[in-house]
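Here are a few short exercises to work through with the model open beside you. Try each task before reading its solution.

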Amino acid sequence: VAQKERLKLLSAGTDVLTLSATPIPRTLSMSLGSVRDTSVIMTPPKMRVPVTTTCVKADPGEVKRVISRELERGGQAFYVVPRISMIE
């Protein structure tokens, strides 16, 4: 939780997406208290394309290229950083 709050402080207007197969009690409590929104996806969207997950060695240029290409085509990209301490 503290790590997510730190991420929000790094940039104004940053959205945080939390995915869970089953809501943990704190998240459920926040949702019921209107502190956090919860959405339940019951069916995949029509014409859904499978998610592609790629693990590669850290290369900032490659990351920028791949994310830019995805955004240019109107898609979405999620960049997962394993340690908050790695974010400058």
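**Exercise 1. The fold in outline**

How many helices and how many strands are there in the chain?

Solution. Remember that you are looking at a predicted model. Counting the elements gives 3 helices and 0 strands. Reading along the sequence then gives the pattern α-α-α.

**Exercise 2. Burial and surface**

Work out what percentage of the chain's residues count as buried, and what area the chain exposes.

Solution. Start with the cut-off: a residue is buried when its relative accessible area is under 20%. By that test, 5% of the 88 residues are buried. Next, turn to the surface: the chain exposes about 8700 Å². Carbon and sulfur atoms supply 58% of that area.

**Exercise 3. The span of a helix**

Compare the reach of helix H3 with the span expected at 1.5 Å a residue.

Solution. First, locate the helix: H3 covers residues 60-72 and has 13 residues. The expected span takes 1.5 Å times one less than the number of residues, which comes to 18 Å for H3. From its first C-alpha to its last, H3 reaches 18 Å, close to that expectation. Now look just past the helix: Gly74 follows H3 and has a positive phi, near 90°.

**Exercise 4. Salt bridges**

Find the salt bridges in the structure and describe the residues that form them.

Solution. The search should give you 2 salt bridges.

- Step one: Glu62 and Arg65 join their side chains in a salt bridge, with an N to O distance of 2.7 Å. Both lie in H3, and because they are 3 residues apart, about one helical turn separates them. In an α-helix there are 3.6 residues a turn, so residues three or four places apart point the same way. Arg65 is partly exposed at 42% relative accessible area, and Glu62 is also partly exposed, at 30%.
- Step two: Arg73 pairs with Glu70 in a salt bridge, and their closest N and O atoms are 2.7 Å apart. Arg73 is exposed, with a relative accessible area of 60%.

**Exercise 5. A backbone angle to check**

Where is Met47 placed, and is Met47 buried or exposed?

Solution. Begin with the position: Met47 sits in the loop between helix H2 (25-32) and H3. Next, check the backbone: its phi is near 60°, a positive value in a residue other than glycine. Finally, consider accessibility: exposed means over 50%, and Met47 has a relative accessible area of 79%, so Met47 is exposed.

Methods: Residues are numbered from 1 along each chain as its sequence is written. This is a predicted model: local features need pLDDT of at least 70, side-chain atom pairs count only at pLDDT 80 or more; totals for chains, interfaces and linings use all residues. Side-chain values use heavy atoms; hydrogens and water are left out. Helices (H or I, at least four residues) and strands (E, at least two) are DSSP runs, numbered from the N terminus. Buried means under 20% relative accessible area, exposed over 50%, partly exposed in between (1.4 Å probe, protein chains only). Accessible areas come from the Shrake-Rupley method with a 1.4 Å probe; for residues, only the protein chains shown count as cover. A salt bridge is a side-chain nitrogen of Lys or Arg within 4 Å of a carboxyl oxygen of Asp or Glu.
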